[in-house]
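Trainee: I have just opened this one and would like to go through it with you. Where should we begin?
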2 protein chains.
Amino acid sequence: MLEKVVIFGVGLIGGSFALALKRAGAARSIVGVGRSPEAMARALELGLVDSVVASPAEAMRGADLVLIAAPVAQTGAILASLLPHLEERTVITDAGSTKADVVAAARRALGERSAQFVPGHPIAGAESNGPDAAVASLYVGKKTVLTPLAENPTAYVARVAAAWEACGAIVHRLTPAEHDKVFAAVSHLPHLLAFALVDDIAGKPHADLLFQYAASGFRDFTRIAASSPEMWRDISLANQGALLGELDAYLAQLTTMRAMLAAGDGAALEGVYANARRARRQWTGEIEAAEAPPPRNDAE
Amino acid sequence: MLEKVVIFGVGLIGGSFALALKRAGAARSIVGVGRSPEAMARALELGLVDSVVASPAEAMRGADLVLIAAPVAQTGAILASLLPHLEERTVITDAGSTKADVVAAARRALGERSAQFVPGHPIAGAESNGPDAAVASLYVGKKTVLTPLAENPTAYVARVAAAWEACGAIVHRLTPAEHDKVFAAVSHLPHLLAFALVDDIAGKPHADLLFQYAASGFRDFTRIAASSPEMWRDISLANQGALLGELDAYLAQLTTMRAMLAAGDGAALEGVYANARRARRQWTGEIEAAEAPPPRNDAE
C-alpha cells in the first residue's frame, strides 16, 4: 500500500491512474497538483483525488510515488520545481509519449537525484481529455512501458511497476531509444499522416464536395487527426530524429508505390496490398492474445 | 414494384440490395447469377434471392432491373455477355467503386445500347464479404452516387434511383469524372496509404517489436488495410489518373511537413495539425446531419 501518491495533472491519464489505484486499494491518500484551478476543483469534486494543493513543497512532503501526467514539454520544469522538496523516500515517474527527451530533461533537472526518476508511458488514451474523461478501467489489459535508467535502484522500478499493475496494466520494459523508435513508427508517424491527409483535403478548392462523400473508411483512418494539436506538436519535436527516419522510410515506400501505379503494374501493387493485409491480420490476432492479462505470480 | 430484378454477384453488396428490395416490397422476383456455384447456393439458402440461374439468357428474360455487383474489372465482360439477351424493357446498373472506366467499358460492350446502362456506386460496405455478410439495412441512410450518361432516358435513371431509395439510400448525382476525383481523394488514396504503412512496418527487421506496441490509433488508421488486395488493385488501376494526382498532392504535403519537422518549426506543424482537427470536427458534425434521410417528396 502506498501511503501518499501525488499526481501532477489530473486529467484523463492522471485521473484514471488515481481512480484505478483507489479501486485497487493500492493508495491511502492521493494528492492532485495542477496549473488549472478549475480542473483541480473538478478533479476533487469527481473524487479522483483526496485533496488538491497549490505548493510543490506541501505536495511532496512524505510522498511515496509522484506521477507527472502533464504535456511532455513541461516535464523538465515540473521536475526542477520538485527538486528542492524531493525526499529520499520518493520515486517519481511520468506518462509522457516520448522518452529520450524526458530522460535528458530529467537528468538536467535532477542531476544525481535522477536515480529517483523512473520514466514510463502508459499505452492507453482516448480522444477526450480532462478530469471528466477519467475512468478506473482505462489501463486494464493495456501495456505500460517503463524505460528505467541505469541509475534507478531496482526497488524504485518495482514500485512504479507495481502501481501500474495495480491499475490493471501489463508492464513492459524498453530502453528510451527503443521506445522512441517503436512509437515513432506505430503512433507518431500515423498521427502525422492522418493530420496531413485531412489538412491536404481541407485545403483543396472543392473540399466541401470531398468531405460530403467521405465515409467510414475515411472516418477511421483520420480518427487520430482529432487529437490535440499542441500535444502532437510537442511529441513530434520531442521525437524529431526517430520520426524523421520513419517519415523518410514511408516517403520512400510511397514513391515506390507511385511508380507501380504510374506503370500500371497491378501485380506489384497487389503484392504490397496483400502483404499488408496478411501482416495486419496476423497482428490483430496476436494483439488480442498479447493483451490478455498474464498469469499471476503466486507471491503477489 | 419491379417484376424481375437480376443480380450478378450475390455477396455483401448484391445480397444486401436483394434483401433491402424484398423488405421494402419493391421487387416481386429476384434472380441471382454468379461465377461461384457455392456462393449462389448459399445465397439461395439464405433467402437473398428467389432463384439462381446459370445462363445469362434465362436470367435476362423479362428483367426490369439488373445490378452488376461483381469486381469492377469484370463489368465489361459481364455486359458483353448480357447484350445478346438485353430486352428493350431492361435497365442495367452497377455498384463499382470507379465510374469513368466502367462507363468506357459499358460503351465498348453495349455500343448504342449503353442508353440502358445507368452507372452507380453505393457508398456502403464492410470488411466482411460474401452472401453471409449481406444485411437488409446496409444502405439505410447511406449515399448512393449515380453518374448517369447523356444517353440515359430520364425514366431509366429514375428507375435505378427509386430502387436505391427503396433500400433506404440517399441518391446523389455526379459526373463519372467528378465521382472518380472525389473518391480518389477520400477513399482510394487513404486505402493506398494504409496498405503502404502496414507493408512498410512489416518489412522492417524489428517488425515484431513494432506490432507488439501498436495500439488503438494504429488499429483504426489501418483498418482499411484489411480490405481485399484484388479489389483494391483493380480500383487503383481503374482510377489511375485521379489517384496519381491525389498521391502527388499528398507527397507534396508530406514533403512540406518534413521540412517543418526537420527545421523544428513547432508553430508550423501545430498550424497543420490544428487546421486538420478543425476541418475534421466540422466534417463529423456535418456528415451526421447530411446522412439523415431527406424530406420525402409528396408525389412519392
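Mentor: Let us begin with how the chains are related, keeping in mind that this is a predicted model. A turn of 180 degrees with a shift of 0.0 Å along the axis lays chain B on chain A, with an RMSD of 0.0 Å. That is the relation of a two-fold axis.

Trainee: Which C-alpha of chain B is nearest the axis?
Mentor: In chain B that is the C-alpha of Phe221(B), which lies 2.0 Å from the axis.

Trainee: And how many residues of chain B are in contact with chain A?
Mentor: There are 83 residues of chain B in contact with 83 residues of chain A. Since 100% of the interface residues of chain B are also interface residues in chain A, the copies meet through the same surface.

Trainee: What area do they bury between them?
Mentor: Chain B and chain A bury about 8,000 Å² between them, and 68% of that is on carbon and sulfur atoms. On the chain B side, the residues that lose the most area to chain A are Tyr213(B), Tyr273(B) and Arg280(B), together 10% of what that side buries.

Trainee: Switching to polar features, how many salt bridges are there across the interface?
Mentor: The rule finds eight salt bridges between chain B and chain A, and one of them joins the side chains of Lys204(B) and Glu246(A), at 2.9 Å from N to O. Counting polar contacts gives 32 residue pairs between the two chains.

Trainee: What is the side of chain B that touches chain A made of, by class?
Mentor: By class, that side of chain B has 51 nonpolar, 14 polar and 18 charged residues.

Technical notes. Residues numbered from 1 in each chain as written. Chains lettered and ligands numbered in written order. Predicted model: local features only at pLDDT ≥ 70, side-chain atom pairs only at ≥ 80, totals over all residues. Heavy atoms only, no water. Contact = heavy atoms within 4.5 Å. Buried area = accessible area lost by both parts, 1.4 Å probe. Salt bridge = Lys/Arg side-chain N within 4 Å of Asp/Glu carboxyl O. Polar contact = N/O pair within 3.5 Å; in protein donor to acceptor, adjacent residues only side chain to side chain. Nonpolar A, V, L, I, M, F, W, Y, C, P; charged D, E, K, R; others polar. Least-squares fit on C-alpha atoms with pLDDT ≥ 70 in both.
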